[in-house]
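Work through the exercises below with the sequence and the 3D view at hand. Try each task before reading its solution.

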Amino acid sequence: MSEFVTVAVDAMGGDNGAKEMVKGAVLATKENETVHVLLCGNQDVVEQELSQYEYDAERITVVPTTEEVSCDASPVMEIQKKKDSSMVVALKKVKEGSADAFVSAGSSGAILVGGQVIVGRMKGVERAPLAPVIPNMKGVSLLIDSGANMDSKPHQLLQFAKMGSIYMENVVGIPNPRVAIVNIGMEEAKGNQLVKETYPLLKECEDINFIGSVEPRDIPYGACDVIVCDAFVGNVILKLSEGLAGALVKMIKAEVMTSTRTKIGGVLVKPALKGVMSKFDTAEYGGAPLLGLKGLVVKIHGTATHAEMKNAILQCVDFTEQKINDKIQEKIQNQVQ
């Protein structure tokens, strides 16, 4: 058996609590025999959930904690004050080296703060971007940054592009991924000051396959593999995409139920629609890694079910086995030099 990849899970984070987090962890260990999960949370609650499953006790360990990070309070204060919370304890496992990665469905703000304060950034990395994989007609793209740094500088976006390229090539398996910067047009002269100053840096960088600008309307068609932008723009793109996908599903379901003819047609096209919608199910792609840290930190949706947790844990295995952090550190050091 290969050496274990240990993932520390915030079992108490998210809207669905320990139930879905524990189930996802159990499924991950059954799907990949190299996974070792540390379930950090209320011992009684976590063990009660575990009692419902058959699992390898050597590869799932309960780490007792007494507190939980709230989504309603200040992220900084929650991380500073709740030292024995499931999130902080799990993050410390990564910092100490007793875990390779961390996964949580808890407060986004607290995860971003905890990742940078507790785990810490790599040498030379100025900002750690949040980078979810989003589906498109051709497969998936990496949206970097989608929520961590609202005001970025041109050389920081250059770092994002390098980190995103490494991730897509080694974890997702896309050779020589196409990198583009989000813009309001394809012309090099267009864009705000940040885009105009970043464009030439990306164009001159030999470490990436820069193809120019990408307009938001072209992103769903798979126009590029790595989508570079500041977190404000990225978060708008991410939430609009998720909202639009949800609205379209509801509209299609409502339209199908309007008459007997459409109901019959709905039954006939249901398998095809189900296949399409599965491709746009974000749970299938795991979570959003916070790249550029000394250890892997992954954020999943607050509403995450066991499927998203399972896939996020398996994503951590790929990240670790491909030595993504080592490759990112090498590229960033070259930029600093």
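**Exercise 1.** Find where Asp 145 sits in the chain, and state what kind of peptide bond joins Ile 144 and Asp 145.

Solution. The model is a predicted one.
Step 1: Asp 145 lies in the loop between strand E6 (139-144) and H6.
Step 2: The peptide bond joining Ile 144 and Asp 145 is cis, with omega at about 15°.
Step 3: To place Asp 145 relative to another residue, take Val 46: the two are 99 residues apart in sequence and 33 Å apart in space, C-alpha to C-alpha.

**Exercise 2.** Describe the surroundings of Val 46, and decide whether Val 46 is buried or exposed.

Solution. Step 1: Val 46 belongs to helix H2 (residues 43-50).
Step 2: Its relative accessibility is 0%. Buried means under 20%, so Val 46 counts as buried.
Step 3: Neighbours within four places in sequence are set aside; Val 46 is then in contact with Ala 11, Met 12, Val 22, Leu 39, Gly 41 and Val 62.

**Exercise 3.** Asn 176 and Lys 323 are to be examined in turn. What is the sign of phi in Asn 176, and what is it in Lys 323?

Solution. Step 1: Asn 176 is not a glycine, yet its phi is positive, about 45°.
Step 2: Asn 176 is located in the loop between H6 and strand E7 (178-182).
Step 3: The relative accessible area of Asn 176 is 51%. The cut-off for exposed is over 50%, so Asn 176 is exposed.
Step 4: In Lys 323, also a residue other than glycine, phi is positive and near 55°.
Step 5: Lys 323 is located in the loop between H10 and helix H11 (324-336).
Step 6: With a relative accessible area of 52%, Lys 323 is exposed.

**Exercise 4.** Describe how helices H4 and H5 meet, and classify the residues of their contact.

Solution. Step 1: H4 covers residues 86-96 and H5 covers residues 108-119; their axes come within 9 Å and cross at roughly 35°.
Step 2: The crossing of H4 with H5 is right-handed.
Step 3: On the side of H4, the contact is made by Met 87, Val 88, Leu 91, Lys 92, Val 94 and Lys 95. On the side of H5, the residues are Ala 110, Ile 111, Gly 114, Gly 115, Ile 118 and Val 119.
Step 4: Sorted by type, the residues of this contact are eight nonpolar, two polar and two charged.

**Exercise 5.** Take Ile 118 from the contact just described. Which residues does Ile 118 touch, leaving aside its neighbours within four places in sequence?

Solution. Step 1: Ile 118 is in helix H5.
Step 2: Its contacts are with Ile 79, Val 88, Leu 91, Lys 92, Lys 95 and Val 113.
Step 3: Ile 118 has a relative accessible area of 10%, so it is buried.
Step 4: As a distance exercise, take Thr 260, which is 142 residues from Ile 118 along the chain; their C-alpha atoms are separated by 58 Å.

**Exercise 6.** How many aromatic pairs are there? Describe each pair.

Solution. Step 1: A pair of aromatic rings is described by the distance of the centres and the angle of the planes.
Step 2: The count is two aromatic pairs.
Step 3: Tyr 167 and Phe 319 form a pair with 6.1 Å centre to centre and 45° between the planes, which is tilted.
Step 4: This pair links distant parts of the chain, with Tyr 167 in helix H6 (residues 154-172) and Phe 319 in helix H10 (residues 306-321), 152 residues apart. Both Tyr 167 and Phe 319 are buried.
Step 5: Tyr 199 and Phe 210 form an edge-to-face pair, at 5.0 Å centre to centre and 80° between the planes.
Step 6: Tyr 199 is in helix H7 (residues 193-204) and Phe 210 is in strand E8 (residues 209-214), eleven residues apart. Tyr 199 and Phe 210 are both buried.

**Exercise 7.** How many disulfides does the structure hold? Check Cys 40 and Cys 71.

Solution. Step 1: The structure holds zero disulfides.
Step 2: For Cys 40, the nearest cysteine sulfur is that of Cys 316, 13 Å away. A disulfide needs sulfur atoms within 2.5 Å, so Cys 40 is in none.
Step 3: For Cys 71, the nearest cysteine sulfur is that of Cys 40, 17 Å away, and Cys 71 is in no disulfide.
Step 4: Cys 40 is buried, at a relative accessible area of 0%, whereas Cys 71 is exposed, at 55%.

Note on methods: Residues are numbered from 1 along each chain as its sequence is written. This is a predicted model: local features need pLDDT of at least 70, side-chain atom pairs count only at pLDDT 80 or more; totals for chains, interfaces and linings use all residues. Side-chain values use heavy atoms; hydrogens and water are left out. Axes are lines fitted to C-alpha atoms, for helices over the stretch in contact, and angles run from 0 to 180 degrees between N-to-C directions. Helices (H or I, at least four residues) and strands (E, at least two) are DSSP runs, numbered from the N terminus. A crossing is left-handed if the near helix is turned anticlockwise from the far one by less than a right angle, and right-handed if clockwise. Contact means heavy atoms within 4.5 Å. Ala, Val, Leu, Ile, Met, Phe, Trp, Tyr, Cys and Pro count as nonpolar, Asp, Glu, Lys and Arg as charged, and the others, Gly among them, as polar. Buried means under 20% relative accessible area, exposed over 50%, partly exposed in between (1.4 Å probe, protein chains only). Rings of Phe, Tyr and Trp (its six-membered ring) pair if their centres lie within 6.5 Å; planes under 30 degrees apart count as stacked, over 60 as edge-to-face and the rest as tilted.
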